[in-house]
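Visitor: Could you pick a single part of this model and take me through it closely, along with whatever it leads to? I would like one connected account.

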Amino acid sequence: MTLAVRLFRALLAFSVILTSYLIQLGLARVFARRLGRGSPAGEPPGWLVARRARVDQNNARRLLRVMLQLRGVFIKLGQVLSIMGGFLPRAYGKELEQLQDQVPPHPFSDLEAALRASFGRSAGELFASIERAPLAAASLGQVHVARLRDGRKVAVKFLYPGIRGIIAVDLRVLRLAILVYKRFVPVGHIERVHESLVDLLRRETDYLHEAACMERMAQNFEGDAGVAFPEVVHELTTRDVLTMTFMEGIKITRLDELQSAGVEPSDVALRLVQAFYKMLFADRFFHADPHPGNFLVAPRSAEEGGFRLVVLDFGASCEAQDELIDGLLDILKGIFAQDDAAVVRGFRRMGFVAPGGNDALLERTVKTYFAKLLKIRDRTPAALMRARPEQLERLADPELERGELQELMRSFEYPEDWFYVERACVLLFWLAAQIDPHLDTMAAGFPYLMPLMAEREAKAGSDGSGPAPRRSPAD
């Protein structure tokens with residue numbers, strides 16, 4: 001599909017969605033006061049609320065359809081929005097959740113060319129057997145179960161033929177969208193988000209990179225019997241095909257199956273969060289795409305007891321830069337100790353403060369925000385997800401005038417590599433909330449956070465120099 005065709009389809013769908021909301025907004029302005037006089041003050045009439053719900057539902061279905069038609073980057077974008085799109089109406093999250101597990105697969109005949117291009121042999125020559133129906137299909141590739149000639153069961157991951165060309169076109173479309181967006185919303189450094197997405201897709205379309213990340217993360221957890229990783233079959237792995245040992249287990253969000261197998265979901269959520277804290281804060285090499293399809297739970301035998309958390313899909317794994325993690329530690333310390341100065345210091349260390357920005361305004365805003373945030377007694381993910389938008393809006397500074405808000409936006413920057421950390425944290429804590437809504441994710445991280453904080457306190461008198469920023473093994 002050419003750039004022009006993909007651009008036309010995307011713009012047509014988005015224009016229809018935008019038009020429907022403009023009509024709804026017009027109706028609200030024209031009729032809300034006139035027909036809603038009998039309703040409580042400030043509340044729109046019931047028919048208008050019901051119509052808005054129908055508009056949200058219809059537009060959510062339209063967006064899902066166009067993403068399934070365009071595939072490629074748009075499915076990846078839909079998967080992220082289904083979890084991170086808290087600014088969207090709830091109907092969108094419900095519809096786009098289908099993209100997590102129900103991406104339409106490619107026929108196996110389309111993938112056989114990748115085997116011949118990579119190894120010069122057919123599937124029948126390379127494997128004792130291979131299932132033509134995929135085990136899983138995603139936005140960029142799909143996985144098939146196979147048997148090696150030595151009897152080992154393996155998972156073979158194929159990159160979709162031509163996907164790199166489709167990605168190049170889609171990214172140009174998104175680039176155009178960003179240029180249009182900037183004309184209406186003066187947000188600086190939004191291009192850095194686009195650059196991060198480009199880098200993310202480069203990582204996820206190089207299976208040699210994924211194999212290296214898989215082995216590195218497995219080595220970081222060596223000796224931890226509670227977390228398991230596949231093993232790479234190197235002789236059957238290239239940039240377009242990844243072969244790894246098959247991992248048995250129950251999908252992490254199938255809570256009824258977990259309980260039937262004798263595994264408590266609360267224990268699974270705790271192990272998931274603790275594993276992520278270890279990756280991010282201790283190893284500083286983390287899984288940047290922790291959605292539900294990338295984790296299994298493997299119950300142990302009755303004699304062994306317990307379970308193993310199985311981690312899959314490592315294409316988005318990357319380094320956590322020291323400046324970002326050290327800044328996060330400052331922020332967490334400030335939250336624990338109710339020390340707003342430490343919170344502001346953390347934001348500075350992470351690189352959120354733009355050169356020449358209004359420091360006084362920034363500090364006042366951060367202090368006010370966290371002063372309110374610390375008054376929240378229930379900080380579990382589920383509590384925040386249950387909160388109504390107007391409740392969360394109270395965390396904003398009511399004294400911040402519109403002109404100050406524009407100046408505040410100019411005072412902020414988007415730090416390099418923050419895209420990966422932010423995305424991973426949101427996805428991971430959202431997933432943990434689905435498994436155990438009552439888990440306190442901060443308390444779960446204490447075993448990894450407290451020693452690091454104590455170590456940093458002990459070094460507080462040093463010159464503050466640290467190791468050079470680290471890079472991904474495939475960079």
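Guide: Glu323 is partly exposed, because its relative accessible area of 39% lies between the limits of 20% for buried and 50% for exposed. The model is a predicted one. Glu323 belongs to helix α13, which covers residues 322-337. Between the C-alpha atoms of Glu323 and Met350 there are 5.4 Å, although 27 residues separate the two along the chain.

From α13 the path goes on to helix α21, whose buried residues pack against both α12 and α13. Those buried residues are Leu449, Leu452 and Met453. They lie on the same side of α21, because the arc they cover around the axis is only 100°. An α-helix has 3.6 residues a turn, so residues three or four places apart point the same way. Helix α21 itself takes in residues 446-458, 13 in number, and its first and last C-alpha atoms are 18 Å apart, close to the expected 18 Å.

The other partner, α12, spans residues 265-283. Its 19 residues should reach 27 Å at 1.5 Å a residue, and the 26 Å between its end C-alpha atoms agrees with that. Just after α12 comes Arg284, with a positive phi of about 60°. Helix α12 lies across β9 and β10, and it runs at about 50° to β10.

That brings in the sheet. It is open and has four strands, ordered β5-β10-β9-β7, with mixed pairing. β5 (227-228) and β7 (250-251) are at its edges; each has a single partner strand, so one side of each has no neighbour in the sheet. Strand β9 pairs with β10 in the antiparallel sense over five bridges, and Phe295 stands opposite Val311 in β10. With β7, strand β9 (residues 295-299) is also antiparallel, over two bridges; here Lys251 faces Leu296 of β9. Four of the five residues of β9 are buried, so the rest of the structure largely encloses this strand.

The nonpolar cores come next. The largest holds 114 residues, and Phe127, Phe158, Ile252, Leu280, Phe281 and Phe286 touch the most other members. Helix α19 (residues 418-435) gives the most to this core, namely 11 residues. Apart from it lies another core, of six residues, including Met247, Leu296, Ala298 and Leu312.

Phe127 opens a further region. Leaving aside residues up to four places away in sequence, its contacts include Ala146, Arg147, Val154 and Val156. Strand β3 runs over residues 141-147 and is mostly covered, with six of its seven residues buried. Strand β1 (residues 129-130) is joined to β3 by two bridges and runs antiparallel to it; Ile130 stands opposite Ala146 there. Strand β2 (residues 136-137) is likewise antiparallel to β3, with two bridges, and Ala137 has Gln142 as its bridge partner in β3. Three residues make the hairpin connection from β2 to β3. Between β3 and strand β4 (residues 153-159) there are seven bridges, again antiparallel, and Gly141 is partnered by Leu159 in β4. The hairpin of β3 and β4 has five residues between the strands, and Gly151 in this hairpin has a positive phi near 95°.

Technical notes. Residues numbered from 1 in each chain as written. Predicted model: local features only at pLDDT ≥ 70, side-chain atom pairs only at ≥ 80, totals over all residues. Heavy atoms only, no water. Buried < 20%, exposed > 50% of the residue type's maximum accessible area, 1.4 Å probe, protein only. Pairing = 2+ DSSP bridges. Contact = heavy atoms within 4.5 Å. Axes fitted to C-alpha atoms, helices over the stretch in contact; angles between N-to-C directions. Expected span 1.5 Å × (residues − 1). Arc of directions from axis to C-beta. Core = buried A, V, L, I, M, F, W, Y, C linked by side-chain atoms within 4.5 Å.
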